[in-house]
Amino acid sequence: MNNKYPSYVKYNPDKVENVETGISRQVLAHDSNLMIVKVWFDEGAIGYEHKHHHTQASYVESGKFEVKIDGVTSVLESGDSFYVEPYKMHGAVCLEKGVLIDVFTPHREDFIEEDSNEN
């Protein structure tokens with residue numbers, strides 16, 4: 001890994017961004033091939049269905065979510081996870097306030113800014 005990407009990323013409330021009503025996120029460790037993102041959801045918040053070219057794996061750190069992937073819905077709770085193939089429609093509704101840890105490959109270029117790698 002080159003110096004462009006930090007080896008350690010600490011929680012920083014200044015780096016948490018509001019992305020939708022009731023949803024906020026902080027981009028954590030990443031390079032151009034891999035990205036991990038912490039996403040906070042308020043109860044009732046909706047991660048609207050969408051698709052992208054990235055492979056995604058997500059871990060339910062806390063809370064309860066109704067997750068829909070390619071037309072199939074499942075209710076997931078703390079400790080569960082899900083996988084989304086590239087270009088598959090997916091979304092989530094937060095049933096109980098919680099946190100998802102999302103991992104993407106390659107990184108979500110739309111989630112970062114030029115200065116987001118500064119400490």
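# Reading a predicted all-strand model

User: Where is tyrosine 87 found?

Analyst: Tyrosine 87 sits in the loop between strand E7 (81-84) and E8. Keep in mind that this is a predicted model.

User: Why is tyrosine 87 called exposed?

Analyst: Exposed means over 50% relative accessible area. Tyrosine 87 comes out at 57%, so it counts as exposed.

User: What is unusual to point out about the phi of tyrosine 87?

Analyst: Its sign. Phi of tyrosine 87 is positive, about 65 degrees, although the residue is not a glycine. Aspartate 70 is another non-glycine residue with a positive phi, near 50 degrees.

User: Where does aspartate 70 lie, and which strands are on either side?

Analyst: Aspartate 70 is in the loop between strand E5 (55-69) and strand E6 (72-77). E5 and E6 form a hairpin with two residues between them, and aspartate 70 is in that turn.

User: Why is aspartate 70 called partly exposed?

Analyst: Buried would need under 20%, exposed over 50%, and partly exposed is what lies in between. Aspartate 70 has a relative accessible area of 48%, so partly exposed is the label.

User: How do you know that E5 and E6 pair?

Analyst: Two strands pair if there are at least two bridges between them. E5 and E6 have six bridges, in the antiparallel sense, so they pass. One example is glutamate 66, whose bridge partner in E6 is valine 75.

User: What makes E5 and E7 a pair as well?

Analyst: Go by the bridges again: E5 and E7 are joined by four, with the strands running antiparallel. At least two are needed, so E5 and E7 pair too. Glutamine 56, for instance, stands opposite valine 84 in E7.

User: Which side chains of E7 are buried?

Analyst: Phe82 and Val84, which point to one face. Ser81 and Tyr83 point to the other face and are not buried, giving E7 an alternating pattern.

User: How many aromatic pairs does a search of the whole structure find?

Analyst: Three. Let's look at one with tyrosine 11 and tryptophan 40.

User: Why is the pair of tyrosine 11 and tryptophan 40 called edge-to-face?

Analyst: Start with the general idea: two aromatic rings are described by how far apart their centres are and by the angle of their planes. For pairing, the centres must lie within 6.5 Å, and planes over 60 degrees apart count as edge-to-face. The centres of tyrosine 11 and tryptophan 40 are 6.1 Å apart and the planes are at 70 degrees, so the pair is edge-to-face.

User: What makes this pair a link between distant parts of the chain?

Analyst: Tyrosine 11 is in the segment before strand E1 (17-20), while tryptophan 40 is in strand E3 (residues 35-41), 29 residues apart. As for cover, tyrosine 11 counts as exposed at 54%, and tryptophan 40 counts as partly exposed at 22%.

User: How do you know that phenylalanine 104 and phenylalanine 111 are edge-to-face?

Analyst: Their ring centres are 5.7 Å apart and the planes make 85 degrees. The cut-offs are within 6.5 Å and over 60 degrees, so both are met.

User: Why are phenylalanine 104 and phenylalanine 111 called buried?

Analyst: The limit is under 20%. Phenylalanine 104 is at 2% and phenylalanine 111 is at 14%, so both count as buried.

User: How do you know that a charge sits over the ring of phenylalanine 111?

Analyst: The charged end of arginine 25 is 3.7 Å from the ring centre. The distance limit is within 6 Å, so arginine 25 meets it. Arginine 108 lies over the face of phenylalanine 104, with 5.2 Å to the ring centre.

User: Which peptide bond is cis?

Analyst: The one from threonine 105 to proline 106, where omega is near -10 degrees. Proline 106 is in the segment after strand E8 (90-105).

User: How many helices and strands does the whole protein have?

Analyst: Zero helices and eight strands.

User: What makes the protein as compact as a globular protein of its length?

Analyst: The radius of gyration is 14 Å, close to the 14 Å that the globule rule gives for 119 residues, so that description fits. Buried residues make up 33% of the 119.

Definitions and conventions. Residues numbered from 1 in each chain as written. Predicted model: local features only at pLDDT ≥ 70, side-chain atom pairs only at ≥ 80, totals over all residues. Heavy atoms only, no water. Phe/Tyr/Trp six-rings, centres within 6.5 Å; stacked < 30°, edge-to-face > 60°. Buried < 20%, exposed > 50% of the residue type's maximum accessible area, 1.4 Å probe, protein only. Lys NZ or Arg CZ within 6 Å of the ring centre and 35° of its normal. Rg over C-alpha atoms; globule rule 2.2 N^0.38 Å.
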